[in-house]
Amino acid sequence: MADEAAKAADRAARELARIERALIEQIKKLTAKLDVKQGELVSDREARANASKIRGQIVRAMEEQGVQSVAQAADRFALEAAEAVARELDFGEFEPDVAREIEQIINGQMKEVADSFSKGAEDISEAMRIGVTGGRDLQVLIQNVADTVSASFSKAQAAVDSAIMGAGRKVQNVDAQDAQEAQGERVVAVLLGPLDSLTRPFCRQWVGKGVYLDDLDSLENDQIE
């Protein structure tokens with residue numbers, strides 16, 4: 001079952017890479033419209049007004065287009081993962097409460113995406129202000145902007161992965177709970193990993209440990225409000 005979710009995560013990674021490339025290209029073009037003289041940014045009144053306008057366009061691209069595109073990808077691939085796991089388990093149609101919980105998982109992770117892109121937009125705005133005021137090199141600024149966008153997407157990728165794997169696990173857990181009720185036995189879930197730099201603190205403390213399936217919902221993971 002984990003394989004189906006992992007396949008969806010791989011497809012999501014490719015889609016996010018495509019979105020990232022398109023957004024970086026768009027933002028690079030916007031940044032290149034800043035006023036320059038011999039490759040360095042200009043800081044007169046007109047140039048600062050132009051920079052302010054361009055900053056607004058970049059912020060909107062990050063916070064609206066970027067976040068919206070990532071959220072749509074998360075929705076699509078998380079549902080794909082859940083449906084694939086359901087088919088493999090012969091789970092049938094999702095009950096309304098299961099569908100709601102999957103939606104909560106996705107929404108919880110998308111808040112992290114929005115926060116990351118908002119912080120990225122702030123960092124870009126600050127870099128542009130410093131660049132214009134200090135007469136910095138335009139190409140250096142463009143590269144810094146691209147790096148900031150990529151950093152936001154790295155965080156977004158982790159959140160999307162969590163949404164996808166969480167949706168797949170939810171279907172698997174509901175199926176196991178049904179089997180548990182039918183058999184009258186308690187099922188133990190064990191978190192197998194991975195354990196690396198991307199592993200969240202909550203998950204890190206549970207790697208290799210078991211917990212009764214019907215106790216999972218009582219664990220506080222600080223991800224879904």
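# Briefing on a predicted helical and strand model

Aspartate 115 counts as partly exposed, at 43% relative accessibility. The model in which this residue sits is predicted. The protein has five helices and four strands, and 36% of its 225 residues are buried. The points below cover the overall layout, the salt bridges, the contact of two helices, the aromatic pair, and some single residues.

**Overall layout**

- Along the sequence, the elements follow the pattern α-β-β-α-α-α-β-α-β.
- Helix α1 covers residues 2-31, and helix α2 covers residues 45-89.
- Helix α3 spans residues 96-134, while helix α4 spans residues 138-183.
- Strand β1 takes up 36-37 and strand β2 takes up 40-41, with a loop between them.

**Salt bridges**

- The structure holds six salt bridges, among them the ones described here.
- Aspartate 115 is joined to lysine 111 by a salt bridge, with 3.1 Å between the closest N and O atoms.
- Both partners belong to helix α3, where they are four residues apart, which means a separation of about one helical turn.
- Lysine 111 has a relative accessible area of 45% and is partly exposed; aspartate 115, at 43%, is also partly exposed.
- Elsewhere, Arg11, Arg76 and Glu80 are joined into one network by salt bridges that share partners.
- Within that network, glutamate 80 pairs with arginine 76, and their closest N and O atoms are 3.4 Å apart.
- Glutamate 80 and arginine 76 lie in helix α2, four residues apart, so about one helical turn separates them.
- Glutamate 80 is partly exposed at 24% relative accessibility, and arginine 76 is partly exposed with a relative accessible area of 46%.
- The value of 24% for glutamate 80 is not under the 20% that buried residues require, so this residue is classed as partly exposed.
- In helix α1, a salt bridge links the side chains of glutamate 15 and arginine 18, at 2.7 Å from N to O.
- Glutamate 15 and arginine 18 are three residues apart in α1, so they too are separated by about one helical turn.
- Arginine 18 is partly exposed, its relative accessible area being 42%.

**Contact of α2 with α3**

- The axes of these two helices come within 9 Å and cross at roughly 160 degrees.
- An angle over 145 degrees counts as roughly antiparallel, and α2 and α3 are therefore roughly antiparallel to each other.
- Their crossing is right-handed.
- Sorted by class, the residues of the contact are 22 nonpolar, four polar and five charged.

**Aromatic pair**

- The structure holds one aromatic pair.
- Phenylalanine 117 and phenylalanine 153 form this pair, with 5.1 Å from centre to centre and 75 degrees between the planes.
- Planes over 60 degrees apart count as edge-to-face, so the pair, at 75 degrees, is edge-to-face.
- The pair links distant parts of the chain, as phenylalanine 117 lies in helix α3 and phenylalanine 153 in helix α4, 36 residues apart.
- Both rings belong to buried residues: phenylalanine 117 has 0% relative accessibility, and phenylalanine 153 has a relative accessible area of 3%.

**Residues far apart in sequence**

- Glutamate 122 lies in helix α3 and is partly exposed, with a relative accessible area of 48%.
- The C-alpha atoms of glutamate 122 and isoleucine 58 are 10.0 Å apart in space, although the two residues are 64 residues apart in sequence.
- Glutamate 101 also has its place in helix α3, and at 28% relative accessibility it is partly exposed.
- Between the C-alpha atoms of glutamate 101 and valine 171 the separation is 9.9 Å, while the two are 70 residues apart along the chain.

**A residue with positive phi**

- Glutamine 38 is not a glycine, yet its phi is positive, at about 55 degrees.
- Glutamine 38 sits in the loop between β1 and β2.
- Glutamine 38 counts as exposed, with 80% relative accessibility.

Note on methods
Residues are numbered from 1 along each chain as its sequence is written. Side-chain values use heavy atoms; hydrogens and water are left out. A salt bridge is a side-chain nitrogen of Lys or Arg within 4 Å of a carboxyl oxygen of Asp or Glu. Buried means under 20% relative accessible area, exposed over 50%, partly exposed in between (1.4 Å probe, protein chains only). Axes are lines fitted to C-alpha atoms, for helices over the stretch in contact, and angles run from 0 to 180 degrees between N-to-C directions. Angles under 35 degrees count as roughly parallel, over 145 as roughly antiparallel, 65 to 115 as roughly perpendicular and the rest as oblique. A crossing is left-handed if the near helix is turned anticlockwise from the far one by less than a right angle, and right-handed if clockwise. Ala, Val, Leu, Ile, Met, Phe, Trp, Tyr, Cys and Pro count as nonpolar, Asp, Glu, Lys and Arg as charged, and the others, Gly among them, as polar. Rings of Phe, Tyr and Trp (its six-membered ring) pair if their centres lie within 6.5 Å; planes under 30 degrees apart count as stacked, over 60 as edge-to-face and the rest as tilted.
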